[in-house]
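User: Please take a close look at one part of this model, the helix packing, and describe it in one connected answer.

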Amino acid sequence: MFPLLAILLIYVSRLIEPERHGGELFWLFLLGLFAWTLLEYGLHRFIFHIDFEFRNPKTAEFINGSHLSHHAAPRDPDKLLVKPAYGLTVSAILFGLAYLLSGSFFSASGIIAGIWAGVLYYESVHYRVHLTTAPSGFIARQRRAHFYHHFTNRERCFGVTSPLWDYVFRTQRN
């Protein structure tokens with residue numbers, strides 16, 4: 001769904017701002033991809049582990065359920081991927097923030113396309129980390145760190161696709 005949405009947004013953004021050069025999308029996309037790495041870390045560290053209180057059980061499940069359910073059953077393939085409604089809601093918020101910060105629909109579209117590419121990469125790595133058994137290489141290293149987060153210390157190893165921000169913020173595996 002996200003690749004199609006990215007193509008649609010970029011197409012519409014070119015209609016809205018025809019004076020913008022398509023080459024700018026390259027840098028906006030990279031900015032979005034970089035932003036994703038920090039979002040992945042920040043959301044995982046500061047938001048996804050909070051059990052927010054809501055009176056409405058459907059709201060509680062929507063906000064809390066995805067990640068907390070994943071921690072309760074980390075090998076359940078139905079609890080590995082982000083639910084589309086949740087992804088779209090967060091995407092709308094991020095697109096709005098990108099638009100407010102850049103003042104440009106075109107720029108916000110390029111940034112969100114990069115973020116969505118990061119999300120898709122995250123989903124594939126996260127799925128492989130949990131459900132495959134590569135004995136060495138990148139996935140094996142990420143599995144060791146991610147399973148350390150799951151089974152040993154929830155206050156460490158928040159980066160699933162990259163340990164970069166764990167090293168920057170000193171939350172890497174001890």
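Analyst: What follows describes two helix contacts, then two residues with unusual backbone angles.

This is a predicted model, in which local features need pLDDT of at least 70 and side-chain atom pairs count only at pLDDT 80 or more, while totals for chains, interfaces and linings use all residues. Residues are numbered from 1 along each chain as its sequence is written, and side-chain values use heavy atoms, with hydrogens and water left out.

The chain has a mean pLDDT of 87, and 90% of its residues reach 70 or more; pLDDT is the predictor's confidence in each residue, from 0 to 100. Among the elements of the chain, helix H3 (residues 57–72) has the lowest mean, 66, and helix H7 (residues 164–168) the highest, 95. Helices are DSSP runs (H or I, at least four residues), numbered from the N terminus along with strands (E, at least two). Where pLDDT is low, the predicted coordinates should not be read in detail.

Two packed helices are described by the angle between their axes and the distance between the axes. Axes are lines fitted to C-alpha atoms, for helices over the stretch in contact, and angles run from 0 to 180 degrees between N-to-C directions.

Helix H4 (residues 84–102) and H5 have axes that come within 8 Å and cross at roughly 140°. H4 is therefore oblique to H5 (under 35 degrees is roughly parallel, over 145 roughly antiparallel, 65 to 115 roughly perpendicular, the rest oblique). On the H4 side, Ser91, Leu94, Phe95, Ala98, Tyr99 and Ser102 meet Phe105, Ser107, Ala108, Ser109, Ile111, Ile112, Ile115 and Trp116 of H5 (contact means heavy atoms within 4.5 Å). These residues divide into 10 nonpolar, four polar and no charged (Ala, Val, Leu, Ile, Met, Phe, Trp, Tyr, Cys and Pro are nonpolar, Asp, Glu, Lys and Arg charged, the others, Gly among them, polar).

H5 (residues 105–131) also packs on helix H6 (residues 138–151), where the axes come within 9 Å and cross at roughly 80°. That angle makes H5 roughly perpendicular to H6. Residues of H5 in this contact include Tyr121, Val125 and Arg128, and those of H6 include Phe138, Gln142 and Phe147. The contact of H5 with H6 has six nonpolar, five polar and two charged residues.

In the loop between H6 and H7 lies Cys157, a residue other than glycine with a positive phi, near 60°. Cys157 has 2% relative accessibility, so it counts as buried (buried is under 20% relative accessible area, exposed over 50%, partly exposed in between, with a 1.4 Å probe and protein chains only). Arg170, in the segment after H7, also has a positive phi near 60°, but Arg170 counts as exposed because its relative accessibility is 68%.
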